[in-house]
Structures are given as structure tokens and as C-alpha cells.
Amino acid sequence: GDTRPIEPLLDGIYDAAVDRTRWPRILGELAAHFSSGSAHLSFENFESTRGKMISSGADPAFALQYGEYYVRRNVLWHEFVRRRLSVIMCDRQVIPKEKLRKTEFYNDFLAPQDCDDLLIAPITREEECGSTITLWRSRRDDSWTGRDVARFRGLVPHLARAVRIGDHFGAAETINTFSAEALYRLGRGLFIVAASAIVLFANGIAESLLGERGGLKLRQQRLSVEHPAQNQALQQLIVAAAQRKVGGSTIVTRGEAAPLLLTVIPVRADNWSAVGGQPGAIVVTKELNPAAPRLLDAISRHHGLTPAETRVASELLVGDGIAAVARRLHISEATARTHRIHIFQKTGVRRQAELVRLMLEWTDGLQLTTACNS
């Protein structure tokens, strides 16, 4: 595989988050980084079995045919959905190679594009649709290894964050134009900040969160939070986004009000003339209200959670600690911790913040399905 630094690739991934026209180039860089012949970002709708594909290193005509025809014949994708798989896998781990080579999908879609070995990463999964990135190698290339999987796994959170933010911008029709009016009307709170956290733009929802009840403040024009530890976490994320092009999330508590999830997205400042050419970041806000029954049921079914685990997962969204979760559910703290361990194991996450992001993917899927319905 490519041994070049990962930072430029991360930079490009987050650029693609706000400008989808950059995805083919970023996919090409991703393919080169992993010594792959081609890379593909696909969107599939579970209900309509339609989708679309963005590719690098492949014939555009095949990408078009995928969304219109071959998505329904993608036996690998159907197996991922049927088995509720949510981890990076090689095609031979999903379906035996001999069986795959007998399918129409392989013989009429993969083989003509010189693809014989796939590395598949589910990027987002909602109730009705999902997105996947696959890297393809030919028979002449080495097969994918555990080291390849481990390296790819480190990029998946960044890719998922970029795809989700791209969906939000796409829904607001701001992918290429960055209209201030469209950003102002976006259905999420959105701040554009400099590396120093000085606010350069705030849409309507973001402005409403500035104040004692909203939970966010301006201190010398800098976006901040009242709680010192939470404010430090936010400032560190903004600096990391602006200087190292690494995104992340943090939770802000607000007394009796629902907590806020702040997702910090690194974006090159040349996308906004107002930033003056300096590195900056986007901060997207989301209120962590109790999950709707439909959402909880979808998450529970998809990941095989028990009713007790589902209740704990919902309470973890509040972000006030496992002891508080146990008190609200009238269970012991030890029981709550056990349920949390089982939830992490079933969903494939390692930290509570990752679980929150995973659950929010489903929330977004119920509201924003533009990419999957295209």
C-alpha cells in the first residue's frame, strides 16, 4: 500500500464533505493510497433497491448502470443488509469467491471492469438507505490483508462524517454555491468559525443557541461553552479541524434542556471569501432529544439489541454519564455498565461518542434521504 502521509487524504475527504464534485478526485487518491485499481462511493436504497455510484478508475457508464440496474443484483450488498453487517470486510468474507464468480453481478459488472477482489466498508446505515465505499483490485494484484483492513478502518469515521455532512448541504442546495440564505435556512444550527473560534457566520438556528438558555456563548466573538471542560473540548476540536484537518464531536449539557451534539468539520477556508483565506471549520449542532420509538425500534432490530439495551442506548444520548442513566431507568450502575458493554459489542463501537454518532446516522436517515433516493 501507499506509505505517503495520511493528512493530505484527510484534508481532501473533508473538502468533499462540502463539495461533492471533489469526490472522484478523492476516491482516486484513496485508491492510490491502498494500491487499488479503483474506488467507489455508492448509495443504496433498501426499499426501492435503487441507488447511485461515484467512481474513480472505472468507466462512468458502469457507474450509471449500477444505480439503475446492478444495485439490485449486487449480491454482496444484499448480503450485508440481510446479515446486518457493519464492519469492513473482503468479498470472500461475505460470499465464497466461487459463488460470487457465478453471479450476474460479477460476470457482467465486476469482471468487465477488471475487478476480482473487493474491500467493502459500510459508511452510513439508516433505516431505509445506506452508503458504502469499496476498493477494487484485479486478479493480478495481491489480495486484501488484515493490515489493509486495519488501515482502512482508521479512515471510515472521517469518510462517514464527510458523507453525512454532504447530505445536509445537499438537502439545503448549497453543495456548490454556499448561498448565505440557504445556509441560514438549513435545518441544523451551523457556525462557520476561524481557527481561533471567532464566528464568521451563524445561521438562524445557531443564533438561537447563543445565550443562557441555548447553551452556547460568544466570548470576544469566539464560540464557547459555559462549562470549562466542555469548552476546552470544543476549542481543541476547532484547532484540530483548522490545523490538522481532523473532525470530531463533543456533547454540551444545558441544564434542563436537551444536550447538544456539536460536530466540528474541517473545511478549507477558500470556500468562503469571508474567511479571508485562513483555515477554518464548520460547527454543526444537533439537539439530543429522546429518540422516537420508530428510530429506537429500527436501531434495535438492525443491531439485535434487547429491549433493556435499547433503553440504555437511548438514555446514553443525554450525555450525563452512566450513573445518571442507571438512576433514570431504576437499575443498578453495574447493570447499566453491562448493558453498555453489550451495546458497544453489538454496534461495533468502542466509545460513547461513537455510539451517539451511530444513532444520529439513523436519525438523519429518517429525515434526509436525498442521496439514497437519487
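Helix α2 is followed by S35, whose phi is positive, near 50°. Helices here are DSSP runs of H or I with at least four residues, strands are E runs of at least two, and both are numbered from the N terminus.

This is a predicted model, in which local features need pLDDT of at least 70, side-chain atom pairs count only at pLDDT 80 or more, and totals for chains, interfaces and linings use all residues. Residues are numbered from 1 along each chain as its sequence is written, and side-chain values use heavy atoms, with hydrogens and water left out.

**Two helices with a buried side**

Helix α2 covers residues 23–33, and its buried residues are W23, I26, L27, L30, A31 and H33. They sit on the same side of α2, because they cover an arc of only 160° around the axis. Buried means under 20% relative accessible area, exposed over 50% and partly exposed in between, with a 1.4 Å probe and protein chains only. The arc is that of the directions from the helix axis to the C-beta atoms.

Helix α4 spans residues 75–82, with L76, W77, E79 and F80 buried. Their arc is only 160° around the axis, so they too lie on the same side of α4. What covers them includes β1, β3 (89–90), α5 (91–94), α6, α7 (104–110) and β4 (117–125). At the N-terminal end, N74 caps α4: a side-chain oxygen lies 3.1 Å from the backbone nitrogen of L76. Such a polar contact is a pair of N or O atoms within 3.5 Å; within protein, one must be able to donate a hydrogen and the other to accept it, and residues adjacent in sequence count only if both atoms are side-chain atoms. Just after α4 comes R84, with a positive phi of about 55°.

**Two buried charged-type names: K97 and E309**

K97 is found in helix α6, residues 97–100. It counts as buried because its relative accessibility is 13%. Leaving aside neighbours within four places in sequence, K97 is in contact with D91, D116 and D117. Contact means heavy atoms within 4.5 Å. K97 and D117 are 20 residues apart along the chain, and their C-alpha atoms are separated by 9.0 Å.

E309 belongs to helix α13, residues 307–316. Its relative accessible area is 4%, so E309 is buried. Not counting residues up to four places away in sequence, E309 touches G304, H339, H342, I343 and K346.

**Two enclosed strands**

In a regular strand the side chains alternate between the two faces of the sheet. In β1, 8 of the 8 residues are buried, so the strand is largely enclosed by the rest of the structure. S38, H40, S42 and E44 are on one side, with A39, L41, F43 and N45 on the other.

Strand β6, residues 189–194, is mostly covered, with 6 of its 6 residues buried. G189, F191 and V193 point one way, and L190, I192 and A194 the other way.

Both strands have antiparallel partners, listed below. Two strands pair if DSSP finds at least two bridges between them.

| Strand | Partner | Bridges | Opposite residues |
|---|---|---|---|
| β1 | β5 (129–137) | 8 bridges | E44 and G130 |
| β1 | β2 (51–56) | 6 bridges | S42 and M53 |
| β6 | β12 (280–287) | 6 bridges | L190 and V284 |
| β6 | β7 (199–202) | 3 bridges | I192 and F201 |

β6 and β7 form a hairpin with 4 residues between them. In that turn, A197 has a positive phi of about 75°.
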